[in-house]
Amino acid sequence: KLRGKKVLVQGCGIIGIFTAIAAKNRGADVTISGLQRDWEHRLSLASIFDIKTEIFENIDGGVNKYDYIYECSGSSIAAENAIKRLKKGGMMVVVALYEQKVELPMNVIVRKEINVLSSYGSTRKDFHHAIDVLTKTQDHMRKLFRIYSLDEGAEAFTDAKSQKVLKPILKP
């Protein structure tokens with residue numbers, strides 16, 4: 001279903017990166033978007049998987065037209081802006097959870113025949129696909145994690161909160 005389609009993944013946290021990797025693995029032409037402040041420790045990691053990147057602050061809202069947008073950022077501004085970047089008949093898949101209220105432009109959604117789908121759970125088939133992707137890319141995947149000892153637990157949480165690491169793992 002994604003093979004040959006233009007896909008934008010908004011948000012370059014671990015869920016966004018994994019979503020981009022999964023879409024690329026299914027043959028999509030994938031771009032992942034993040035903020036300028038995300039570049040050093042998060043967004044730049046997409047290049048390991050040959051995934052194109054964009055800085056949200058540098059985009060022109062209507063330049064790129066995507067078949068699918070996976071909204072993984074949790075930003076109400078990004079979610080609201082996504083609708084404008086979809087092709088007529090495109091699909092927005094909402095993966096993130098939001099702290100702020102999100103107001104989608106319903107008239108634009110109707111006129112452009114945009115489909116909006118939420119995604120929260122996974123099926124057994126999804127887990128098998130994820131394991132397959134992890135197995136195929138395990139050398140690259142290691143670059144997305146940093147392992148901390150339990151004694152370094154406070155540092156792991158600080159690094160995660162300040163976004164100095166994409167995914168901290170505590171190892172007993």
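Asp38 is found in the loop that runs between strand β2 (29-34) and strand β3 (52-55) of this predicted model. Although Asp38 is buried, this residue has no salt bridge, and the nearest side chain of opposite charge, that of Arg37, is 4.4 Å away. A salt bridge here requires a nitrogen of Lys or Arg within 4 Å of a carboxyl oxygen, so a separation of 4.4 Å does not qualify. When neighbours within four places in sequence are left aside, the residues in contact with Asp38 are Cys12, Leu43 and Gln163. Of these, Gln163 comes just after helix α6 and takes a positive phi of about 60 degrees.

**Helix α6**

Helix α6 spans residues 153-161, and its buried residues are Gly153, Ala156 and Asp159. Viewed down the axis of α6, these buried residues fall within an arc of 125 degrees, so they line one face of the helix. In general, an α-helix has 3.6 residues a turn, so residues three or four places apart point the same way. The cover over the buried residues of α6 includes strands β7 (145-149) and β8 (167-171), whereas Ala154, Phe157 and Lys161, on the other side of α6, are exposed.

Which residues are linked with Asp159 in a network of salt bridges? The partners are Arg146 and Glu155, which together with Asp159 make up that network. Within it, the side chains of Glu155 and Arg146 meet at 3.3 Å, N to O. Glu155 is partly exposed at 35% relative accessibility, and Arg146 is likewise partly exposed, with a relative accessible area of 35%, while Asp159 is one of the buried residues of α6.

**Salt bridges elsewhere**

The count for the structure comes to 7 salt bridges, and the table sets out three of them, including the Glu155 pair already described.

| Pair | N to O distance | Relative accessibility |
|---|---|---|
| Lys52 and Asp29 | 2.4 Å | Lys52 42%, Asp29 30% |
| Asp132 and Lys136 | 3.3 Å | Asp132 34%, Lys136 57% |
| Glu155 and Arg146 | 3.3 Å | Glu155 35%, Arg146 35% |

The side chains of Lys52 and Asp29 meet in a salt bridge with an N to O distance of 2.4 Å. Because Lys52 lies in strand β3 and Asp29 in strand β2, this pair ties together parts that are 23 residues apart in sequence. Lys52 is partly exposed, as is Asp29.

The bridge between Asp132 and Lys136 has another setting, for these two residues are 4 residues apart in helix α4 (residues 124-136) and are thus separated by about one helical turn. Here Asp132 counts as partly exposed, whereas Lys136 counts as exposed.

**Aromatic rings**

How many aromatic pairs does the structure hold? There are 2 aromatic pairs. One of them is formed by Tyr68 and Tyr70, whose rings are stacked, with 6.4 Å from centre to centre and 20 degrees between the planes. The pair counts as stacked because its planes, at 20 degrees, fall under the limit of 30 degrees. Tyr68 is buried, with a relative accessible area of 11%, and Tyr70, at 15% relative accessibility, also counts as buried.

A further tyrosine ring, that of Tyr66, has a charged group over it: the charged end of Lys6 sits over this ring, 4.9 Å from its centre.

Key
Residues numbered from 1 in each chain as written. Predicted model: local features only at pLDDT ≥ 70, side-chain atom pairs only at ≥ 80, totals over all residues. Heavy atoms only, no water. Phe/Tyr/Trp six-rings, centres within 6.5 Å; stacked < 30°, edge-to-face > 60°. Buried < 20%, exposed > 50% of the residue type's maximum accessible area, 1.4 Å probe, protein only. Lys NZ or Arg CZ within 6 Å of the ring centre and 35° of its normal. Lys, Arg positive; Asp, Glu negative; His and termini not counted. Contact = heavy atoms within 4.5 Å. Arc of directions from axis to C-beta.
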